[in-house]
Amino acid sequence: MLNWISQVWRTSVIGSFLAGLLFLLPIVLTVFIVAWIINFVRGAIGPGTVLGDLFTRGGNYLIGGSQDTLAFWLGIGIALIGIWLLGLIVKTRAKSIIQNYLDSLFSRVPLIRSIYSPVSRVVRLATDRTGAPGDLSSMSVVSCRFFGDGAQGVDILALLASQQLFTIAGERRRLVYLPAAPIPMSGGLVFMSDSAITPVHDMKVDDLLKIYVSLGALAPEVLSQGSDPRRAVTALPGPGTPPPAPITKPEHV
């Protein structure tokens with residue numbers, strides 16, 4: 001009798017509870033993440049903070065000092081409109097002028113310079129799409145062959161960080177960035193042999209990042225996009241370059 005009660009408890013009560021908990025887990029985690037973001041934003045720009053007091057003062061300047069809550073939200077609205085107007089300006093050629101001025105201004109302060117300089121470079125690296133040297137759009141997706149040729153070799157999708165060819169110990173090398181999953185920016189830089197690199201011309205940098213962030217779950221979707229379903233791959237020019245090998249459309253097992 002006790003064994004029967006114990007089995008019913010484990011299979012019916014605990015099993016059903018765990019099934020319901022796992023079903024609600026994505027919703028609960030989403031609520032926790034949203035609540036954490038709201039609390040973080042409130043602690044950063046809410047009333048009583050440096051930015052919050054600045055917003056309140058801006059609103060009080062327009063409506064007076066009797067309604068702090070209304071003045072705070074009015075200050076938030078003014079800030080949002082100002083950001084929108086700034087976005088209109090930086091879409092023009094004035095972006096480079098303003099950017100150079102801010103860089104020159106913050107670089108004059110030693111402490112601020114040590115923080116602003118690396119942060120600005122990382123942000124521009126991830127957001128600029130002008131094709132200029134130093135941003136992600138100037139990189140190209142490549143396939144790197146490790147552990148030799150043939151069936152024993154392993155191909156890893158990576159980013160060609162620079163088109164420059166380096167000569168190290170008499171060998172032709174290229175600087176390649178190897179992303180990591182699920183956080184692509186936590187990878188590393190390696191000097192790969194020129195003959196071990198094969199460009200993937202039909203794949204964009206954003207497509208590569210999607211594959212790594214999704215732990216490969218979006219690979220079939222990304223590899224099947226484009227006008228050519230075979231995703232043809234051609235090799236970089238250079239001595240010892242292996243012949244082109246097409247990447248066929250993945251088959252679902």
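In what sense, and over how many bridges, do β3 and strand β4 (residues 188–193) pair? In this predicted model, the two strands pair in the antiparallel sense, and 6 bridges connect β3 with β4. Within that pairing, L175 has F191 of β4 as its bridge partner.

The protein chain as a whole comprises 7 helices and 5 strands. Read from the N terminus, its elements follow the order α-α-α-α-α-β-β-β-β-β-α-α. The chain has 253 residues, of which 20% count as buried. Among the contacts in the protein chain with a separation of 6 or more, 35% are accounted for by residues 24 or more positions apart.

The pairing of β3 with β4 is accompanied by further antiparallel pairings. Strand β3 (residues 171–178) also runs antiparallel to β2, to which 6 bridges join it. Two of the partnerships between β2 and β3 can be given by residue: I168 is matched with E171 in β3, and L159 has Y177 in β3 as its bridge partner. The connection between β2 and β3 is a hairpin with 2 residues between the strands. One residue of this turn, A169, adopts a positive phi of about 55°. Strand β2 (residues 154–168) is in turn paired with strand β1 (residues 140–146), again in the antiparallel sense, over 7 bridges. In this pairing, V142 lies opposite A158 in β2. Taken in sequence order, β1 is thus paired with β2, β2 with β3, and β3 with β4. As a general point, side chains in a regular strand alternate between the two faces of the sheet.

Aromatic residues were examined next. The structure contains 6 aromatic pairs. In one of them, formed by F146 and F147, the ring centres are 6.3 Å apart and the planes stand at 50°, so the pair is classed as tilted. F146 has a relative accessibility of 21% and therefore counts as partly exposed, the limit for a buried residue being under 20%. For F147 the value is 67%, and this residue counts as exposed. An aromatic cluster is formed by F55, F72 and W73; F55 is among the buried residues of α2, and F72 is among those of α3.

Helix α2 (residues 50–63) consists of 14 residues. From its first C-alpha to its last the helix reaches 20 Å, close to the 20 Å expected at 1.5 Å a residue. Its buried residues are G52, F55, T56, G59 and N60. Viewed down the axis of α2, these residues fall within an arc of 135°, so they line one face of the helix. The general basis is that an α-helix has 3.6 residues a turn, so residues three or four places apart point the same way. V50, L54, R57 and Y61 are exposed, on the other side of α2. At the start of the helix, a side-chain oxygen of T49 comes to within 3.0 Å of the backbone nitrogen of G52. Just after α2, G64 has a positive phi of about 100°.

Helix α3 (residues 68–90) has 23 residues and reaches 32 Å between its first and last C-alpha, close to the 33 Å expected at 1.5 Å a residue. A71, F72, G75 and I76 are buried in α3. Contacts between α2 and α3 can be described from two residues, T56 and G75. T56, found in α2, has 13% relative accessibility and so counts as buried. Apart from residues up to four places away in sequence, T56 touches D68, A71 and F72. Of these partners, A71 and F72 are themselves buried in α3.

G75 is located in helix α3, and at 6% relative accessibility this glycine counts as buried. When neighbours within four places in sequence are left aside, G75 is in contact with F55 and G59. Both partners are listed among the buried residues of α2. G75 and L62 are separated by 13 residues in sequence and by 9.3 Å in space, C-alpha to C-alpha. The buried face of α2 thus includes T56, which contacts A71 and F72, together with F55 and G59, which contact G75.

Methods:
Residues numbered from 1 in each chain as written. Predicted model: local features only at pLDDT ≥ 70, side-chain atom pairs only at ≥ 80, totals over all residues. Heavy atoms only, no water. Pairing = 2+ DSSP bridges. Helix = DSSP H or I, 4+ residues; strand = E, 2+ residues; numbered from the N terminus. Expected span 1.5 Å × (residues − 1). Buried < 20%, exposed > 50% of the residue type's maximum accessible area, 1.4 Å probe, protein only. Arc of directions from axis to C-beta. Polar contact = N/O pair within 3.5 Å; in protein donor to acceptor, adjacent residues only side chain to side chain. Contact = heavy atoms within 4.5 Å. Phe/Tyr/Trp six-rings, centres within 6.5 Å; stacked < 30°, edge-to-face > 60°.
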